[in-house]
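Visitor: I am new to this structure and would like a close look at a single part of it. Could you pick one helix and walk me through its surroundings?

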Amino acid sequence: MLRRPEYLKALVFCGLIGIPVALIAFWFLVALRQLEQLLWTDWPRDLGWTQAPWWWGLALMPVAGLVVGLVVARLPGRGGHLPAAGLHAGGVTKAALPGVVIAALVGLPLGTVLGPEAPLIALGGGLALFFASLTRAPQTEAGRATLGAAGSAAAISALFGNPLVGAVLLMEVAGVGGPQLFALMLPTLLASGVGDLIFTGFVHWTGLETGSLDIGLPEPPPLDWADALWAPILAPAIALLVHGIFVGGRFSARFVATRTVRNTTLCALGAGVCITLYAVTTGRSPAEAALSGEATLSELAQDPHAWPVGALVAVLAFKGLAYALCLGSMRGGPVFPALFLGGAAGVLLAPLPGLGLVPAMAVGMAASVTAALRLPVSSVVLVVLLLGNVETVALVVLAAVGSFVVTQLLPQGPRIPAFAEQPPGRGRRPRARRP
């Protein structure tokens, strides 16, 4: 395959594509970060509050639902993939890009309990195809799939701050093997590496923040027999919790399949009610139950004693419910809320005899993100890099495998409407679906 001139040309083109895709992904993430800071921190302080008031989610989330519902109903591509259907590689057309960007830049900062990874995958793949069309490069079906995966990998590596995560995630999502895996592996690795290099340089040059997966956990003590015993017990329980949330997301997806604008707005309002109930019952900021949880996870890991047991139980309950509603109605990715819920469950369970904070969070995050993604290899790589130590690798693997087996054996809930599982820009919209 490496001797074929067309493959070598495609490989070089994928490397070059990583440069503009990473730059656009950088400014996309900066915009999300700045909007989130403005809406949930700056505006409340400017209005005289020390934190967002308890009703803040009720004011913002219906706006997010209305805008996303209009995008899904009116614009090509339906704003991207439905997160309840999992992550998808490729399938994004150039015409779908405006809807993907609008749904993400409006929905996510307003409090949607989803992350930016799915819009980034869609954005990277669509941009790669767009730049290929500008250069008038000859395209085949296989070439478009490879090019889209490479662009997605370049964009997603910017988010996770590591090219390995982006490449492994996209290859596992693609679900190919043998020669097809080899053909996909080199372009995605190359585009991920180039994209991460460009992205890292821009972060240092501009000084702007886009978020970080460095949650600042302390160095764990050596593992002992208690850690190994707790992992296979806790992982299935956490997996069952996250699986139940995704079953709820499937019910939400069926609810918004008809009268999309109205029902999407209602689901967003329901998520806003969950966010408000968390703030009212705990007296804490509603931002902890809203948004992706990326920033809050770092705060939780660095100061777990600031979270009483009641707050941990409440955030698992109310953020979990809001997550289920957003999975089936809004647009975004499932990774970061799953990581946060797994981390919160780990902090809650850390006082168990012989367990401890770092092993508990390692098991919780690995079990939770595996149950959400159904991608055990990517989940292990992501959590290991997130934790930043080798002591917990065995626990992460045990938790991921246990979680994957449990979620595969459990009933999957109602089927997601067929149009939601198709890649954006493909397939026909059902006639019964009315805004």
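Guide: Here is a walk along helix α13, then into the core and a pocket. The model is a predicted one, in which local features need pLDDT of at least 70 and side-chain atom pairs count only at pLDDT 80 or more, while totals for chains, interfaces and linings use all residues. Residues are numbered from 1 along each chain as its sequence is written, and side-chain values use heavy atoms, with hydrogens and water left out.

Let us start with the helix itself. α13 covers residues 357-373, 17 residues in total; helices here are DSSP runs of H or I with at least four residues, numbered from the N terminus. From first C-alpha to last, α13 reaches 24 Å, close to the 24 Å expected at 1.5 Å a residue, where the expected span is 1.5 Å times one less than the number of residues. Of its 17 residues, 16 are buried, so α13 is largely enclosed by the rest of the structure; buried means under 20% relative accessible area, exposed over 50% and partly exposed in between, with a 1.4 Å probe and protein chains only. Just after α13, R374 takes a positive phi of about 60°.

Now for the core. The largest nonpolar core has 120 residues, and those with the most contacts inside it are W40, L120, F160, Y323 and L339. Such a core is a set of buried Ala, Val, Leu, Ile, Met, Phe, Trp, Tyr and Cys residues joined through side-chain atoms within 4.5 Å. α13 gives the most to this core, with 12 residues. Leaving aside neighbours within four places in sequence, L339 is in contact (heavy atoms within 4.5 Å) with L297, M365, V369, L382, V383 and L386.

Two loop residues come next. Most residues other than glycine have a negative phi. L291, although not a glycine, has a positive phi of about 60°. L291 sits in the loop between α9 and α10 and counts as buried, at 7% relative accessibility. R259 also has a positive phi, of about 50°, and is not a glycine either. R259 lies in the loop between α8 (225-255) and α9 (260-282), and is partly exposed, with a relative accessible area of 34%.

L291 leads us on to a pocket. Among the 31 residues lining the second largest pocket, E36, Q37, T41, L291 and A295 lie nearest its centre. α1 gives the most to the lining of this pocket, with 10 residues.

How values were computed:
On a 1 Å grid over the protein atoms alone, a cavity is a set of points where a 1.4 Å probe fits but cannot get out, and a pocket is an open set with protein on both sides within 12 Å along at least five of seven lines; lining residues have an atom within 4 Å of a point.
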